[in-house]
Amino acid sequence: MIFSPSLDAVFSKTGLPFEQQVERSRELGYTSIEFWGWGSKDLQGLAALKERLGLQVGSFCTTNSDLVNPSNRGKFIEGLQESIAAAKIVDCRNLIATVGNAREGVSREEQHDSIVEGLRAAVPYLEEAGITLVVEPLNELVDHGGYYLVRSAEAFEIIDKVGSKFVKVLYDVYHQQISEGNLISTIRANIDRIGYFHIADHPGRHEIGTGEINYHNVLDAIRGTGYTGYVGLEYVPLQGVDEGLTAFLKEYA
């Protein structure tokens, strides 16, 4: 598996410039990084930096991901096309999509269908680029009140309906622990639908090992499926960045 610090989360309290965050991640032994938004980034500079350091860009977020509302589908596709162009600059093969908050007064069935139709519309662009869009369920109890896609079962159902190897689920262990638990069984049963993992501990969304999730068992279970893709470290540190990232590789990699 490829462990990938989420720079916006892990370095959120440091004030360190983006380029130095990238360099520091590599110095600490990581071969991949990821971040949230690409719009403010010097992508040409990042492309040169990653080549010099021998780094990969695991993922970043696409824009205009209000998939529950069909009237915003044009904006979603436009944002996807722009994000694909950005991904090509840094040779990033995964884009992250959220689906938007639930629409008041609109049935879940209608919103569900809108997500499926929007993702189907995205498939030709993803196929042409060879880029995978990973759709992320989030928890609504702690971090994302009002968000539509909470349960992993519905996310997997959506992926099945879309029917493309270029659209999968981003399984965030932290979010799913809050939303539903049953982590290992769910991961094992649905690994073919999962294209990316994020991890952090709960409560607090801090370093792995600070909360209730048994990450030794969870990561061993992921390895046991044969998964060799990205696992993003999307936590907000309690301790120093260097200490946390170093301890993670020593304990879990």
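**Close-up 1. Two cysteines that stay apart in this predicted model.** Start with Cys61, whose sulfur has its closest cysteine partner in Cys92, 10 Å off, and that is too far for a bond. Look from the other end and you get the matching story: Cys92 is in no disulfide, with the sulfur of Cys61 as the nearest one. A disulfide would need the two sulfur atoms within 2.5 Å, and the count here comes to zero. How do the two sit, buried or exposed? Cys61 is partly exposed, at 23% relative accessibility, while Cys92 is buried, with a relative accessible area of 1%.

**Close-up 2. The largest pocket, with Cys61 among the residues closest to its centre.** Cys61 turns up again here, so to speak, in the company of Thr98, Glu136, Leu138 and Glu234. These five are the closest to the centre out of 14 lining residues. The space inside comes to about 190 Å³. What is the lining made of, in terms of nonpolar, polar and charged residues? Six are polar, five nonpolar and three charged.

**Close-up 3. The largest nonpolar core and its best-connected members, Phe60 and Phe197.** This core holds 84 residues, and Phe60 and Phe197 touch the most other members. The biggest share comes from helix H5, residues 108-129, which gives seven residues. Now zoom in on Phe197. Leaving out residues up to four places away in sequence, Phe197 touches Leu170, Tyr171 and Val173, along with Ile187 and Ile191. Its other contacts are Ile222, Tyr227, Tyr230, Val231 and Gly232.

**Close-up 4. A proline in helix H5.** Pro124 is found in this helix, and at 47% relative accessible area it counts as partly exposed. Follow the chain for 42 residues and you get to Phe166. In space, the C-alpha atoms of Pro124 and Phe166 are separated by 9.4 Å.

**Close-up 5. Helix H6 and what it packs against.** Which residues of H6, spanning 152-162, are buried? They are Ser152, Glu154, Ala155, Phe156, Ile158, Ile159 and Val162. In an α-helix there are 3.6 residues a turn, so residues three or four places apart point the same way. The buried residues of H6 pack against three other helices: H5, H7 (173-179) and H8 (183-190). They also pack against strands S6 (132-135), S7 (167-172) and S8 (194-199). Just past the end of H6 comes Gly163, with a positive phi of about 70 degrees.

**Close-up 6. A cis peptide bond between His202 and Pro203.** Have a look at the bond joining this pair: omega is about 5 degrees. Where is Pro203? Its place is in the loop between S8 and helix H9, residues 215-224.

**Close-up 7. Positive phi at Asp91 and Asn182.** Asp91 is not a glycine, yet its phi is positive, at about 55 degrees. You'll find Asp91 in the loop between helix H4 (73-89) and strand S5 (94-97), where it is partly exposed at 43% relative accessibility. Asn182 isn't a glycine either, and its phi is near 55 degrees. Asn182 lies in the loop between H7 and H8. With a relative accessible area of 52%, Asn182 is exposed.

Methods. Residues are numbered from 1 along each chain as its sequence is written. This is a predicted model: local features need pLDDT of at least 70, side-chain atom pairs count only at pLDDT 80 or more; totals for chains, interfaces and linings use all residues. Side-chain values use heavy atoms; hydrogens and water are left out. A nonpolar core is a set of buried Ala, Val, Leu, Ile, Met, Phe, Trp, Tyr and Cys residues joined through side-chain atoms within 4.5 Å. Buried means under 20% relative accessible area, exposed over 50%, partly exposed in between (1.4 Å probe, protein chains only). Helices (H or I, at least four residues) and strands (E, at least two) are DSSP runs, numbered from the N terminus. Contact means heavy atoms within 4.5 Å. On a 1 Å grid over the protein atoms alone, a cavity is a set of points where a 1.4 Å probe fits but cannot get out, and a pocket is an open set with protein on both sides within 12 Å along at least five of seven lines; lining residues have an atom within 4 Å of a point. Grid points are joined across faces, edges and corners, and a volume is the space filled by probe spheres set on the points. Ala, Val, Leu, Ile, Met, Phe, Trp, Tyr, Cys and Pro count as nonpolar, Asp, Glu, Lys and Arg as charged, and the others, Gly among them, as polar.
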